[in-house]
Amino acid sequence: MAAPVVDAEYSKEIERARRDLRALISSKQCAPIMLRLAWHDAGTYDAKTNTGGPNGSIRNERELNYSANRGLKIAVDLCEEVKARHPKITYADLYQLAGVVAVEVTGGPTIDFVPGRKDTMESDEDGRLPDAHKGASHLREIFYRMGLTDKDIVVLSGGHTLGRGHLERSGFEGPWTKDPLKFDNSYYVELLKGDSGELLKLLTDEVLVDDPEFRRYVELYAKDEEAFFRDYAESHKKLSELGFTPSSSVAERSTSAKLKQGAKAIAVAVAVVTLCYLYEILRRSQVNSTS
């Protein structure tokens, strides 16, 4: 299928869909499964063959029935409610936007989203997603295939701060953190505590502590939530754009919007400092006039 024309109207439709997703995810408390949907649609990418990636193919019944995708029909069906109201948006954009919104509405970082992904119904072979029963070498094989790094492995694993394992879907049961609907750095804090028996820890979680290269990032994110949020926003954006090259005009608009936001923030900060300075001058003059 052809890539969508990302004009002004398409961009407006994306923002309308974003609002609808916020309402849907908040009311249904479905942030974890929406994040999983976005991850599993994007996580099939192969950098060498430039196949897979965030292309909406996960809605294909054959791909939905892969063992790693059990339960994701729930998220696909929920997204259909938004798609029906915004038919112009591609499924590929919709699923990745849902993942971005899921992180944001649960208290996580703001993730830059650039639209323009094209849809396909051609699914890649099964086995491209991580297997929770395997260790560090397997994780590296999966993530390196996508062109990602050890840092990306650890920071994206932090998405387990949301949600829980469901026996009928993954064969595992229980949450990774004490508040599975809050996006924070508690996943790493709990990893460093070891196995308490209360929270879920898969083999792919445990190796993040056992492997020295992975562990240094776990320790960093456990003590510095701001570092985790900053790096997560960067890695999530990277994951959501695997194999996708935004048109130059769309990328320029995104950069321009970020610059405008930055300029507004600076202007507000300058105004606050100026007001404080003027207030202090006024206060001192009043003190001097009464002394």
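**Cysteines 30 and 79, and the surroundings of glutamate 213**

The sulfur of cysteine 30 sits 8.0 Å from the closest cysteine sulfur, which belongs to cysteine 79, and that is too far for a bond. The model here is a predicted one. A disulfide would need the two sulfur atoms within 2.5 Å, so the 8.0 Å between cysteine 30 and its closest cysteine sulfur rules that pairing out. Looking from the other side gives a matching picture: cysteine 79 is in no disulfide, with the sulfur of cysteine 30 as its nearest cysteine sulfur. Searching the whole structure turns up 0 disulfides.

As for solvent, cysteine 30 has a relative accessibility of 7% and counts as buried. Cysteine 79 comes out at 1%, and it counts as buried too. The cut-off behind both labels is a relative accessible area under 20%.

Over to glutamate 213, which is found in helix α11, a helix covering residues 212–223. Glutamate 213 has a relative accessible area of 31%, so it is classed as partly exposed. That label fits because the class lies between the buried limit of 20% and the exposed limit of 50%.

The side chain of glutamate 213 makes a polar contact with the side chain of arginine 216, at 3.0 Å. Leaving aside residues up to four places away in sequence, glutamate 213 touches Arg140 and Asp150. There is also a C-alpha distance to report: glutamate 213 and valine 154 are 59 residues apart along the chain, and their C-alpha atoms are separated by 9.6 Å.

Methods
Residues numbered from 1 in each chain as written. Predicted model: local features only at pLDDT ≥ 70, side-chain atom pairs only at ≥ 80, totals over all residues. Heavy atoms only, no water. Helix = DSSP H or I, 4+ residues; strand = E, 2+ residues; numbered from the N terminus. Buried < 20%, exposed > 50% of the residue type's maximum accessible area, 1.4 Å probe, protein only. Contact = heavy atoms within 4.5 Å. Polar contact = N/O pair within 3.5 Å; in protein donor to acceptor, adjacent residues only side chain to side chain.
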